[in-house]
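Hi everyone, thanks for coming. Have the picture ready on your screens, and let's walk through it together.

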Amino acid sequence: MKRNIPLQKSISSEWLTLFEKSNQQKSPSYQETISYFKKFVDHTPYAKMFTIGISPQGREIKCLVVTGNEEFTPEKAKKSGKSIVLIQNGIHSGEIEGKDACMLLLRNMLVTKEKFHLLKNLVLLIIPVFNVDGHERSSQFNRPNQNGPLMMGWRTTSQNLNLNRDYMKADSPEMKAWLKLFSDWLPDFMIDNHTTNGADYQYHITYGLEQQVNISNFLSGWIKEKYLPHLIKKVEKDGFLTAPYIEFKDEKLTDGITSYPMMPRFYNGYCAIQNRICLLVETHSLKPFNNRVFSTLSIMHHTIDFVNRNFRELIALNKKADNQTVNYYYNKGKVLPVDFEDTDEYENFSFKGFESYEEESEITGNKVLRYTDKPIVFNVPLFNKTRIKYAVSVPKTYLIPREFSHLVEIMKLHGIKCDVLPSSMKMTVNRYKFVNDQFAQRPYEGKQQVTFYVIQFTEKIKIPKGTFVVRTNQRTLRVIANLLEPMTPDSFVRWGFFNSFFERKEYAEPYVMEPIAKKMLRDDSILRKEFYAKLDSDENFRNNPLERLDFFYRNSPNFDKIEKVYPVMRVDEKILL
Ligand SMILES: [Zn+2]
């Protein structure tokens, strides 16, 4: 296999990147990075840079628009009929080669003009560094599994949040800014550059692309039949071994690798429910930095080239996916799959690994794995068949009480249209009550997550003026359902936004409740029957004095009717405003 360090045509020194000037060992600081990208703005008519938001430590998160014909606004870009491609670097900012590769990519397009033709049918958006605060928490010790650059950034933000878990809940200012950018431009294709660690293997670069039922079949079909075979062929021709993104089923490689739908908290899973394709790029952290820069350049270049040549088809497919979403799940009322589980089904995968052996460790007192540099191909099971664990019927409308306007603000950032009820209205609504709730022992991404089941009930109530009305006949229907249906893995409820509704807020002293309970037992024959039946059948209940008393409290008019009731309501009819 030929090695893959492209020879540069003579480049004037002002356009050399720090990566090149440092013998391919260094990646520039954030300020140096932005200065380099700014040169494309200052010295060519093809680029503009704008600020999408401010990081918690006060840094500007920049985005570059690159276009051959002045399509510098979302309106102009959309009107042009070109494909909009968004490239993002440094969401985990220690994994940074995408940034250095983007500098070379843009130079090839705008300065040497070798690749200028790639702009014919597309508008490029480039985020040089997404997690800018993490990028500046720079050290040579940040990623012990990684082979360069000399200094590298940190995985999480200054608020210690992992942005690649934040796509749905949007806790961080960085993600709020990103969602606004996404909704304003609504790109046709996304590239997300990372570096992965884990096992050692021969592959230089791996890719993640959603291809299961969590994405429209129009898009998965295009990926499988057209884009991916083309991409693999081209990137391998450049000298880089490729494989699907590698995740172990269990601890060891020989247990198998998996390819399952990504939850929407992740970028690629999020794009899937927005009916768009995201290419997750994962170079391999043990490969030298320069190899990773050039493999990322290769995969970006061939992707952009493919999108440029197939721009009309991609735009049409995205539109079809948007229409299909409304048609299937709104017009036809089909159930929407929102959670998935693994199966034991697999196919064989020829894995290009390295020979390894085990060695006694005096540190752990156990065996430790050692890799050799001897290439070996072995069969591993690839588990890539999932089944649907949970699907929901999507109502025509959701109603969100006005006290949750902060959640409506997040929904708007997701590109969801929300209206306001102009006057109170009597309606029949479907509601959920939480049961068997269990809270996580430890926080996750700063949130205390909760699992539960729901029971549904219907009631006719007066909905007050000012209630938010979210109709689901929108292209963002999958996002709406994933946020508002409580049982989905990334719903507002799961992420702890409704934790206070799991708490009891009022109670009755036992000495006050006891005489009330006695009266209820005497006067209500149905309740009496129920109580004695429970005493007979449920030993824990029988032996728990407080629960026995609570039985009556729950059945008394004093009990809080909204305890464990989800405030968001479903309405199965169109509401005319
Ligand atoms: Zn990463």
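I'll start with the metal site, then move on to some helices and a couple of single residues. Please keep in mind that this is a predicted model.

So, the zinc ion. Which protein residues hold it? Its donors are His92 through ND1, Glu95 through OE and His194 through ND1, at 2.0 to 2.1 Å from the ion. Along the chain these donors follow the spacing H-x2-E-x98-H. Find His92 in the loop between β3 and α4, and then His194 in strand β5; the two are 102 residues apart in sequence, so the pair ties together distant parts of the chain. Both His92 and His194 are buried.

Stay in strand β5 for a moment, because Thr195 is found there too. Is Thr195 buried or exposed? Its relative accessibility is 1%, under the 20% cut-off, so Thr195 counts as buried. Leaving out residues up to four places away in sequence, Thr195 touches Glu95, one of the zinc donors. Its other contacts include Arg143, Gln146, Glu282, His284 and Arg292.

Now for a pair of helices. Please look at α7, residues 217-237, and α9, residues 289-309: their axes come within 9 Å and cross at roughly 135°. The two helices are therefore oblique to each other, and their crossing is right-handed. On the α7 side, the contact is made by Trp222, Lys226, Tyr227, His230, Leu231, Lys234 and Val235. On the α9 side you'll find Ser298, Ile299, His302, Thr303, Phe306 and Arg309. What kinds of residues are these? The contact has 6 nonpolar, 4 polar and 3 charged residues.

Next, let's go to helix α10, where Phe311 is found. With a relative accessibility of 10%, Phe311 counts as buried. Which residue from elsewhere in the chain should you look for beside it? Try Asn121: it is 190 residues away along the chain, yet the two C-alpha atoms are separated by 6.5 Å. Setting aside neighbours within four places in sequence, Phe311 is in contact with Asn121 and also with Gly81, Lys82 and Ser83.

My last stop is helix α12, residues 477-484. How many of its residues are buried? The count is 8 of 8, so this helix is mostly covered. Among those buried residues are Arg478 and Asn482, along with Leu477 and Ile480. What covers them includes the helices α8, α10 and α11 and the strands β11, β15 and β19. Notice α10 in that list: it is the helix where we found Phe311.

That's my tour, and I'm happy to go back to any part of it.

Technical notes:
Residues are numbered from 1 along each chain as its sequence is written. This is a predicted model: local features need pLDDT of at least 70, side-chain atom pairs count only at pLDDT 80 or more; totals for chains, interfaces and linings use all residues. Side-chain values use heavy atoms; hydrogens and water are left out. Axes are lines fitted to C-alpha atoms, for helices over the stretch in contact, and angles run from 0 to 180 degrees between N-to-C directions. Helices (H or I, at least four residues) and strands (E, at least two) are DSSP runs, numbered from the N terminus. Angles under 35 degrees count as roughly parallel, over 145 as roughly antiparallel, 65 to 115 as roughly perpendicular and the rest as oblique. A crossing is left-handed if the near helix is turned anticlockwise from the far one by less than a right angle, and right-handed if clockwise. Contact means heavy atoms within 4.5 Å. Ala, Val, Leu, Ile, Met, Phe, Trp, Tyr, Cys and Pro count as nonpolar, Asp, Glu, Lys and Arg as charged, and the others, Gly among them, as polar. Donors are N, O and S atoms within 2.8 Å of the metal (3.2 Å for Na, K and Ca); water is not among the atoms, so sites may look incomplete. Buried means under 20% relative accessible area, exposed over 50%, partly exposed in between (1.4 Å probe, protein chains only).
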